[in-house]
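Me: I am new to this structure and would like to understand the reasons behind the words used for it. Please set each value against its cut-off as we go.

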Amino acid sequence: MDISIIIIMLLIGSFGGLISGLVGIGGAIIIYPAILLIPPILGAPAYSAYLASGLTSSQVFFSTLSGSLKARKKPEFSLRLVFYMGGSMVIGSMFGAFLANLLNATFVNTIYILIAIVALILMFVRVKSDSAQSSFNRLLISIIGLIVGVISGIVGAGGAFIIIPILLVVFKLPMNTVVANSIVIAFVSSIGTFIVKLIQNYVPIVDALFLIIGSIIFAPLGLKLSKKVPDVIQKWIISILIIVAIIQIVFFGT
């Protein structure tokens, strides 16, 4: 295996894992375009949208697993929230992963851009969160989880970058509650996508291994840093990542 690919995958995985723990996402919002764009820029072979999606699913699965082991110990963790949203996302993500096999690369990238734009818009919607909020509409959150699951399954993402603004804006949950639960929801929802991508042979095992190593090492570090980062900074980090990802795909995606 080319040493350059090893280094590239380690760097991408490490950054994705750090972001995963810091703001409670799987890292797909930056990992997917990074896998598409960085290797050819550095002279390494390019990945197709399907392989990039498969690699992303592996990174999301293991980075969110690593982050979830710590997040579930937080007082803001809600098993009920994870069950209803995460459970419905598993079903949706498996369907989306199978559906992606029937779609061309341009359509997959378009779907990615559209959900990223929606997530960005929601991040700028001002809603006063309820710090005591603990209840939510189970049917509504399950339906939304199913829809987000289908979309995230198509691009191999855990869906947390759209989960976060939904929980903040639609359900008015406080940021610390959202971060503590979104990474666990992303892990649960990524299970189906990862398994399907693996079965479809869209996960290059050796490449994924180094991507995963970087993610597992840095996700807990990001989660530890999240305790020291103010809510408004976390929101801006997510927003900037979404903007960068959209620009990358629009101007450089294939």
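Me: How many aromatic pairs does a search of the whole structure find?

Reply: The model is a predicted one, and a search through the whole of it finds 6 aromatic pairs. In the pair of Phe61 and Phe194, the ring centres are 4.9 Å apart and the planes stand at 15°.

Me: Why is the pair of Phe61 and Phe194 called stacked?

Reply: Two rings count as a pair if their centres lie within 6.5 Å, and as stacked if their planes are under 30 degrees apart. With centres 4.9 Å apart and planes at 15°, Phe61 and Phe194 meet both conditions, so the pair is stacked.

Me: What makes this pair a tie between parts that are apart in sequence?

Reply: Phe61 belongs to helix H3 (residues 49–71) and Phe194 to helix H8 (residues 175–199), so the pair ties together parts that are 133 residues apart in sequence.

Me: How do you know whether Phe61 and Phe194 are buried or exposed?

Reply: Buried means under 20% relative accessible area. Phe61 has a relative accessibility of 15% and therefore counts as buried, and Phe194, with a relative accessible area of 12%, is buried as well.

Me: What makes the pair of Phe62 and Phe194 edge-to-face?

Reply: The centres of these two rings are 5.8 Å apart, with 80° between the planes of Phe62 and Phe194. Because an angle over 60 degrees counts as edge-to-face, this pair takes that name. The pair also links distant parts of the chain, with Phe62 in helix H3 and Phe194 in helix H8, 132 residues apart.

Me: Why is Phe62 described as partly exposed?

Reply: Its relative accessible area is 23%, and since partly exposed covers what lies between under 20% and over 50%, Phe62 is given that description. Phe62 also belongs, with Phe61, Phe187 and Phe194, to one aromatic cluster.

Me: How do you know that Ser215 is buried, and where does it lie?

Reply: Ser215 lies in helix H9 (residues 205–226), and its relative accessible area is 0%, which is under 20%, so Ser215 is buried. Leaving out residues up to four places away in sequence, Ser215 touches Gly13, Ser14, Gly17, Gln59 and Ser63.

Me: What makes the approach of Ser215 to Gly13 a polar contact?

Reply: The side chain of Ser215 reaches the backbone oxygen of Gly13 at 3.1 Å, and because a polar contact asks for a pair of N or O atoms within 3.5 Å, this distance satisfies the cut-off. The C-alpha atoms of Ser215 and Leu10 are separated by 8.0 Å, although these residues are 205 residues apart along the chain.

Me: Why does Ser14 count as buried, and which residues is it in contact with?

Reply: Ser14, found in helix H1 (residues 3–23), has 15% relative accessibility, which is under 20%, so Ser14 counts as buried. Apart from its neighbours within four places in sequence, Ser14 is in contact with Gly214, Ser215 and Phe218, while its side chain reaches the backbone oxygen of Leu10 at 2.7 Å.

Me: Why is Ile240 called partly exposed, and which surface patch includes it?

Reply: The relative accessible area of Ile240 is 46%, which lies between the cut-offs of 20% and 50%, so Ile240 is partly exposed. Ile240 is found in helix H10 (residues 231–252), and it joins Phe124, Val232, Ile233, Trp236 and Val244 in making a nonpolar surface patch of about 550 Å².

Definitions and conventions. Residues numbered from 1 in each chain as written. Predicted model: local features only at pLDDT ≥ 70, side-chain atom pairs only at ≥ 80, totals over all residues. Heavy atoms only, no water. Patch = residues over 30% accessible without salt bridge, like charges linked within 9 Å, V, L, I, M, F, W, Y side chains within 5 Å. Areas by Shrake-Rupley, 256 points an atom, 1.4 Å probe, with all protein chains shown as cover. Salt bridge = Lys/Arg side-chain N within 4 Å of Asp/Glu carboxyl O. Helix = DSSP H or I, 4+ residues; strand = E, 2+ residues; numbered from the N terminus. Buried < 20%, exposed > 50% of the residue type's maximum accessible area, 1.4 Å probe, protein only. Contact = heavy atoms within 4.5 Å. Polar contact = N/O pair within 3.5 Å; in protein donor to acceptor, adjacent residues only side chain to side chain.
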